Every structure is written in structure tokens, then in C-alpha cells.
Amino acid sequence: MSTAPDSDFYSLELLLDTDGRQLLARVREFMEKEIEPVINRYWTREEFPRDLIPFIGQLGVAGLAYDGYGCGGRSSLLDGMVAMEVARTDPSIATFLGVHGGLAMGSIYLCGSEEQKQRWLPAMARMEKIGAFGLTEPEVGSGAARGLTTTARREGDEWILDGQKKWIGNATFADYVIIWARDVADNQVKGFVVEPPTAGFATTKMRDKIALRVVQNAIITLDGVRVPEASRLQNANSFRDTAKVLRLTRAGVAWMAVGCARGAYEHALAYAKERQQFGRPIAGFQLVQDQLVRMLANVTSSACLCVRLSQLQDAGSAEDQHSALAKAFCTVRMRETVGLARELLGGNGILLEYHVGRFVADAEAIYSYEGTREINTLIVGRAITGTGAFV
Ligand SMILES: Cc1cc2nc3c(=O)[nH]c(=O)nc-3n(C[C@H](O)[C@H](O)[C@H](O)COP(=O)(O)OP(=O)(O)OC[C@H]3O[C@@H](n4cnc5c(N)ncnc54)[C@H](O)[C@@H]3O)c2cc1C
């Protein structure tokens, strides 16, 4: 008999070793006991539960798939399943971890020198220091590969950063903020680790989001911020290097989309078994079963795709288009799934206390960040046709 929960319909967890399954179980227990009971309050107030960061840190999941520097050295498959497991209870906490462990730590891991990795990663792996990743700008989103307007100008042993960033998750409280800027000397995109508080660096929290309200997104203003050459990521020489980070993190977002869909599905299934109409549980109606099975098919097919993507990552053969296809496909299936779950709950589907409404809202942000469906589709389209169609 499988020990995996029912919604892991094809027992994908059994692909993990015993240690991996135990870690996943610890993450699940933490999320269900410590996060689920309180998360709606934080979501309503647009606040992040910062006092819980040390406890999240104790799970040991930040930088789980990186080797050395105090990181986990585990498989991408386990890393992906952990992202899914966290999102299954709450997509905001999953996003917080994705920004910290994926985008910020991943930038240092993939683009930092040996000395820089030693300097920053161990404390980030322990989550004593938190990271953020600043690529997007108010006027530059999808077109970041070509059009960053934030500039970096070298002056002796220092760089001077000027510009604005928008949507930067964790930025209001992060210790290390990766800023991607265009070097005015050679026009190439380079990465800098800014350590607030520092002169010229200011954040404004973005308010009134209708999705991922727990995540603290900010507009960052860089007004002559001075960064030592020693804090320029030594192996980030062009946007191609930034793209390596995105390749990694898009796979994580695909897994998160599975978790978001799975959480909504599980709440809907439980509700269908409890909720009575016409004198019997609505789970007994054919049309309701059709909805449930469509949701389960979405979750299962997306998870299977992600498993294979993780295996390609572990084999070192995953390319941009592999992550892009998974991100685009899984987020489309997620959006349909959370919509079906909301429909199944009827009016209660829009009440936060039933949780599904939060998944519906949060799915909208996951659908658009780390490359919209269109941009990820264009990445795959370029790979299969040999012709770029971005502009
Ligand atoms: C909650 C949230 C958190 C985020 N966190 C971060 C973060 O931590 N760090 C960070 O750097 N960024 C972050 N982002 C930014 C995110 O990555 C961008 O929102 C995303 O890349 C899309 O950019 P945009 O919103 O500017 O949309 P735009 O690029 O303006 O796109 C608008 C529409 O035009 C379409 N479009 C654009 N170009 C093309 C084209 N060539 N062909 C067809 N259609 C096209 C898009 O698909 C989209 O539908 C976050 C965003 C959100 C919503």
C-alpha cells in the first residue's frame, strides 16, 4: 500500500528516498500546524509572519538543492516537491521561500565567486539572513532581457547604481538584495548584492494587492547607491547569466503551481464530502465528481511533468525551454483547477475561512510572475522552431 496521501494519485512521493519523504512530512506538518491556522489573518492585513522565519529556517529547506556552503545538497526533485508542499498550504510562504532560496540564493550560487558564495550563502541557508531579487522595473517587465534602465557605473573600486525596481518580494526587510543593472560601459546586465540599510537605497511597500498579500513586494529606489566591486556577482557578465537563475526558479514556480492547485483541490474534495444538498453529500452528484476528477487530472499531469523536469535538472540536461514549458503549462492548469474548486464550494468559495478563495487569488500572481504564459510560450516556440518571435 502507498503511504502517500490520496491526492498524490500516482504516488510520486515514492520516487523520493526515506529521508526525502520524512523531510516532506516535516514540512507538511509545519505548514498545517503553524501556518494554516494563522495565514488568513496575515493575508487580510497584508503582513508577513516574520517571527516564524526562524522556525521555517529550522526546516532546512533554503537552498536545499545546492551543494556546499551550508546548503542541503539534495536533489532538485526533493527541492521541487518541498516547494509544492509549502504552496499546497500557502502560496505566499512558498513565494517567500522561492524568492529567498531560489532567486536570491540561486543568483549567488550560480553567479557568485567562490569567496562570495562562502561569504553569503551559509547564513542564508540557515535563514538568519534573507534575500530578495530585483530585476523587474516599473516600465520593464517581460522585456528585461533587452531593456533594463537601472544603470551601474564603475568608479574605482566601487559601482554606483541608479534606477527603480518594482514588485521586489521580501525587499522591505531583506538583508541582501540582488540588483540587476546595465553597466553603462559595455551595456551588459550585471548583478550586485546590496546590503540595506545603505545610502540612496529606499523601499516602498506595495499595498492593496489582490494576490499573495502576505508577500511583501516593494518598489525600490536606487539613488546613487554605492556597492563595492567585491559585491558585484563575479560570474554574472550578461543577461544570459541572469537567465540561468530564472531557468532554475521557473522550475520551482511550476512545482508551486502544482501545490496551489493541489491545496485547492484537497479543500474542495473535503468540502464535497461534507456539504449536503438535496439530502446527500454533493460528492455523490455526477457533475461534482466531474469537477473533482478534472482537478485531480490537472494536479496529477502537472506533477508528473514537474517530476520529469526535476529529473532532467538532476541529470544536468534541463534547458530554458524545459522550465518554460512546465511553468506555462502548470500555471494554466492551476488557474483552471482553483476556479473549479471555487465553483464547487458555491458561495463559500469566496470566503477566506474556506481557504479556496485565497488560492484563487494567489494563483493570479503565480500565473504572471517569473515570465508570463506568453513569454514562456515564446521561449518554447523559439526552441522548437528555431525562430525567436519576441519582437
Ligand atoms: C506578486 C508578484 C511578485 C513578483 N516578484 C518579483 C520579484 O521578486 N523580483 C522581480 O524582479 N520581479 C518580480 N515580479 C515581476 C514579474 O516577474 C513581472 O510581473 C512579470 O515578469 C511580467 O512583467 P510585467 O508585469 O511588467 O508585465 P508586462 O511585461 O508589461 O506584460 C504585460 C502583458 O503583455 C504581454 N507581453 C509582453 N511582451 C510580450 C510579447 N513579446 N509577446 C506577447 N505578449 C507579450 C505579457 O505576457 C503580459 O500579458 C513579481 C510580480 C508579481 C505580480
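A polar contact is taken here as a pair of N or O atoms within 3.5 Å. The model is predicted, with local features needing pLDDT of at least 70 and side-chain atom pairs counting only at pLDDT 80 or more, while totals for chains, interfaces and linings use all residues. Residues are numbered from 1 along each chain as its sequence is written, and side-chain values use heavy atoms, with hydrogens and water left out.

**View 1. Polar contacts of the ligand with the protein backbone.** Polar backbone atoms of Gly169 and Glu370 lie 3.0 Å and 3.4 Å, respectively, from an oxygen atom of the ligand, and a polar backbone atom of Trp167 lies 2.9 Å from a ligand nitrogen atom. Of the 980 Å² of accessible area that the ligand has on its own, the protein covers 67% (Shrake-Rupley method, 1.4 Å probe).

**View 2. The shell around the ligand.** Among the 19 residues around the ligand, those that come nearest are Thr136, Ser142, Thr372, Glu374 and Phe390 (a residue is near if one of its heavy atoms lies within 4 Å). The shell comprises nine nonpolar, eight polar and two charged residues, with Gly counted as polar.

**View 3. The largest cavity.** A search of the whole structure finds one cavity of 30 Å³ or more, where a cavity is a set of points on a 1 Å grid over the protein atoms alone at which a 1.4 Å probe fits but cannot get out. The largest cavity holds about 90 Å³ of space, and of its 14 lining residues (an atom within 4 Å of a point), Asp8, Leu12, Met84, Arg262 and Ala303 are the closest to its centre.

Note on methods. A polar contact is a pair of N or O atoms within 3.5 Å; within protein, one must be able to donate a hydrogen and the other to accept it, and residues adjacent in sequence count only if both atoms are side-chain atoms. On a 1 Å grid over the protein atoms alone, a cavity is a set of points where a 1.4 Å probe fits but cannot get out, and a pocket is an open set with protein on both sides within 12 Å along at least five of seven lines; lining residues have an atom within 4 Å of a point. Grid points are joined across faces, edges and corners, and a volume is the space filled by probe spheres set on the points.
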